[in-house]
Amino acid sequence: MTDDASGDPRLGSAYQTTLEEGVTLVGVVHDHPASVARVSGVVERRRPDVLALELPPLAVGLYEAHAAGGTDPLAFGGEMSAAIAAAETDRVVGIDGPSRRFCRQLAARFARERPAAGTVARSLRGVASVTRTAVACRVAAAVARRTPLSPTVGSRTEYDITAADPPERQAEDERRQAGAATAVLDAFEKPPASRIRSETREAHMADRIRALRREGEVVAVVGLGHFDPLVERLG
């Protein structure tokens, strides 16, 4: 576990850990001001050789464009844009699916476990939906590079807390949001399609982080729901 000497409760958090392999994992509540502050602080302090983000590779360019343009992360991109803006490296990698490797891993799991046809169909529909969003991000990034426009894709999550609130209030609200999400996950078992897709994503992200570690120090930013599974896979 990592403690922060500054005393900022957003930075000294249970949602980050540095593994012996030279990988620092940062868990986030997407778009939350406390998570944005933590990610910025960790990236600035660690100065990684590689910044690994829970984004599809096709989507990274749009977040880079907004970070380069100075867009407020709480307006678009949240902790992902904040991480890019804080990084001193040009090596920014989307480690989530869909990608060719992710699709191969998903297909291998289908072949190994032989789930029901309905489960396969629902899994593929989920992948298709994420793929459409990733392609839209790729197109929007091209527009941002070639025009004065700053297009966005998707919507951000709103909270009853802002970056102007005291760090203590931000950290408290983040813990509350994380606790509520965990309670929901504990109360309901994931449908098979969702479980297969989530576990395959985590296996894929762990493999990508291991590969990137060969290039030097890695900071990986992932949603809090994937934090503990990735710690287990990489530990």
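How many disulfides does the structure hold? Zero. Hello everyone, and before I go on, please keep in mind that this is a predicted model.

Let me stay with the cysteines for a moment. A disulfide is a covalent bond between the sulfur atoms of two cysteines. C103 is in no disulfide, and the nearest cysteine sulfur, that of C137, is 17 Å away. Looking from the other end, the closest cysteine sulfur to that of C137 is in C103, and 17 Å is too far for a bond, given that a disulfide needs the two sulfur atoms within 2.5 Å. The surroundings of the two are worth a glance as well: C103 has 39% relative accessibility and counts as partly exposed, while C137, at 4%, counts as buried.

Now to the sheet. Five strands make up an open sheet, and the order across it is β1-β2-β5-β3-β4, with mixed pairing. At the edges sit β1, residues 16-19, and β4, residues 92-94, each of which pairs on one side only. From one strand to the next, the twist averages 20 degrees.

Let's walk across it, starting from β1. Strands β1 and β2 run antiparallel and are joined by four bridges, and T17 stands opposite L25 in β2. The hairpin of these two strands has three residues between them, and there G22 takes a positive phi near 85 degrees. Next, β2 pairs with β5 in the parallel sense over six bridges, with T24 opposite V219 in β5. Further along, β3, residues 50-53, pairs with β4, also in the parallel sense, over three bridges. There you can find L53 opposite G94 in β4.

Which residues of β2 are buried on each side? On one side they are V23, L25 and G27, and on the other T24, V26 and V28, so that both faces of this strand are covered. That makes six of its six residues buried. As a reminder, in a regular strand the side chains alternate between the two faces of the sheet.

What packs on the sheet? One element is helix α1, residues 33-46, which touches β1, β2, β3 and β5, and its direction makes about 170 degrees with that of β2. Another is helix α3, residues 78-86, lying across β2, β3, β4 and β5 and running at about 175 degrees to β3.

These two helices also meet each other. The axes of α1 and α3 are 8 Å apart, and the packing angle is about 25 degrees. With the cut-off for roughly parallel at under 35 degrees, α1 and α3 therefore count as roughly parallel to each other. The crossing of α1 past α3 is right-handed. If you want to select the interface in your viewer, S35, V36, V39, S40, V43 and E44 are on the α1 side, and they meet G78, E79, A82, A83 and A86 in α3.

My last stop is a histidine. Is H204 buried or exposed? At 2% relative accessibility, H204 counts as buried, and this residue lies in helix α7, residues 192-213. Leaving aside neighbours within four places in sequence, H204 is in contact with I95, D96, G97, S99, R101, F102 and Q105.

That's my tour, thanks for listening!

Notes. Residues are numbered from 1 along each chain as its sequence is written. This is a predicted model: local features need pLDDT of at least 70, side-chain atom pairs count only at pLDDT 80 or more; totals for chains, interfaces and linings use all residues. Side-chain values use heavy atoms; hydrogens and water are left out. Buried means under 20% relative accessible area, exposed over 50%, partly exposed in between (1.4 Å probe, protein chains only). Two strands pair if DSSP finds at least two bridges between them. Axes are lines fitted to C-alpha atoms, for helices over the stretch in contact, and angles run from 0 to 180 degrees between N-to-C directions. Contact means heavy atoms within 4.5 Å. Angles under 35 degrees count as roughly parallel, over 145 as roughly antiparallel, 65 to 115 as roughly perpendicular and the rest as oblique. A crossing is left-handed if the near helix is turned anticlockwise from the far one by less than a right angle, and right-handed if clockwise.
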